[in-house]
Amino acid sequence: MSAPVPPVRGSTVRGALEAALASAPEPGLTAKDLSSMVGISEKDVADHLAHLEKSLKAQGLRLEVLPASCIQCGFSFKDRKRFTRPGACPECRSTRIDPPAFRVTS
Ligand SMILES: [Zn+2]
């Protein structure tokens, strides 16, 4: 694909999400961060991220997921494919989970 990448638009929710993620700091942005930045619920953020991942791929970009981890024992949810925050740690059953963070990389 050699078509030029269109400029990021801030006028749609997904465009706003993409713009936020493209300028995300090193540790990425959580669904909670994105929810307050864009003004939609955390659940909607997860839905949009699933679609955004596909459209980013088409532009040669990548949605990087920094996995959730357990605050209690340090377990990393790195094999998790969903964008929502895990409910509990499979290792120690703690519900104190550091949520996943996201950013866009090329
Ligand atoms: Zn744990």
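What geometry does the site of the zinc ion have, judging by the angles among its four donor atoms? In this predicted model, the site turns out to be tetrahedral, with angles of 102 to 115 degrees among the four donors. Those donors are the SG atoms of C70, C73, C89 and C92, lying 2.3 Å from the zinc ion. Along the chain they follow the spacing C-x2-C-x15-C-x2-C. Within this set, the pair C70 and C89 links distant parts of the chain: C70 belongs to strand 3 (residues 69-70), while C89 sits in the loop between strand 3 and strand 4 (97-98), 19 residues further along. Both C70 and C89 are buried.

The loop that holds C89 has other residues worth a look. R93 is in the loop between strand 3 and strand 4 too, and there the backbone does something a bit unusual. Most residues other than glycine have a negative phi. R93 is not a glycine, yet its phi is positive, at about 70 degrees. With a relative accessibility of 66%, R93 counts as exposed. K81 is another residue of the loop between strand 3 and strand 4, and at 71% relative accessibility K81 is likewise classed as exposed. Its C-alpha atom is 9.4 Å from that of P67, with the two positions 14 residues apart along the chain counted as their separation.

Stepping back to the whole fold, the protein chain has three helices and five strands. Read from the N terminus, the elements run α-β-α-α-β-β-β-β. Of the 106 residues in the protein chain, 33% are buried. As for how the chain comes together, consider contacts with a separation of 6 or more: 54% of them are between residues 24 or more positions apart.

A UniProt annotation from an unreviewed entry, "domain: PF0610-like winged HTH N-terminal", covers residues 28-63. Over that stretch the chain is 69% helix and 11% strand. The C-alpha atoms at the two ends of residues 28-63 are 10 Å apart.

Next comes the helix packing. Two packed helices are described by the angle between their axes and the distance between the axes. For helix 1 (residues 13-22) and helix 3 (residues 42-58), the axes come within 11 Å and cross at roughly 70 degrees. The two helices, helix 1 and helix 3, are therefore roughly perpendicular to each other. On the helix 1 side, the contact is made by V13, R14, L17, E18 and L21; helix 3 contributes H48, L49, H51, L52 and L56.

Which residues of helix 1 are buried? They are G15, L17, E18, A20 and L21. An α-helix has 3.6 residues a turn, so residues three or four places apart point the same way. The cover over the buried residues of helix 1 includes helix 3, along with strand 1 (29-30), helix 2 (31-38), strand 2 (62-66) and strand 5 (101-105).

Strand 5 also brings in T105. Is T105 buried or exposed? At 16% relative accessibility, T105 counts as buried. Leaving aside residues up to four places away in sequence, T105 touches L61, R62 and E64.

Terms used
Residues are numbered from 1 along each chain as its sequence is written. This is a predicted model: local features need pLDDT of at least 70, side-chain atom pairs count only at pLDDT 80 or more; totals for chains, interfaces and linings use all residues. Side-chain values use heavy atoms; hydrogens and water are left out. UniProt positions are given in the numbering used here, feature names are shortened, and annotations may be inferred rather than shown by experiment. Helices (H or I, at least four residues) and strands (E, at least two) are DSSP runs, numbered from the N terminus. Donors are N, O and S atoms within 2.8 Å of the metal (3.2 Å for Na, K and Ca); water is not among the atoms, so sites may look incomplete. Four donors count as tetrahedral if all angles lie between 85 and 135 degrees; four count as square planar and six as octahedral if opposite donors are over 155 degrees apart and all others between 65 and 115; anything else is irregular. Buried means under 20% relative accessible area, exposed over 50%, partly exposed in between (1.4 Å probe, protein chains only). Axes are lines fitted to C-alpha atoms, for helices over the stretch in contact, and angles run from 0 to 180 degrees between N-to-C directions. Angles under 35 degrees count as roughly parallel, over 145 as roughly antiparallel, 65 to 115 as roughly perpendicular and the rest as oblique. Contact means heavy atoms within 4.5 Å.
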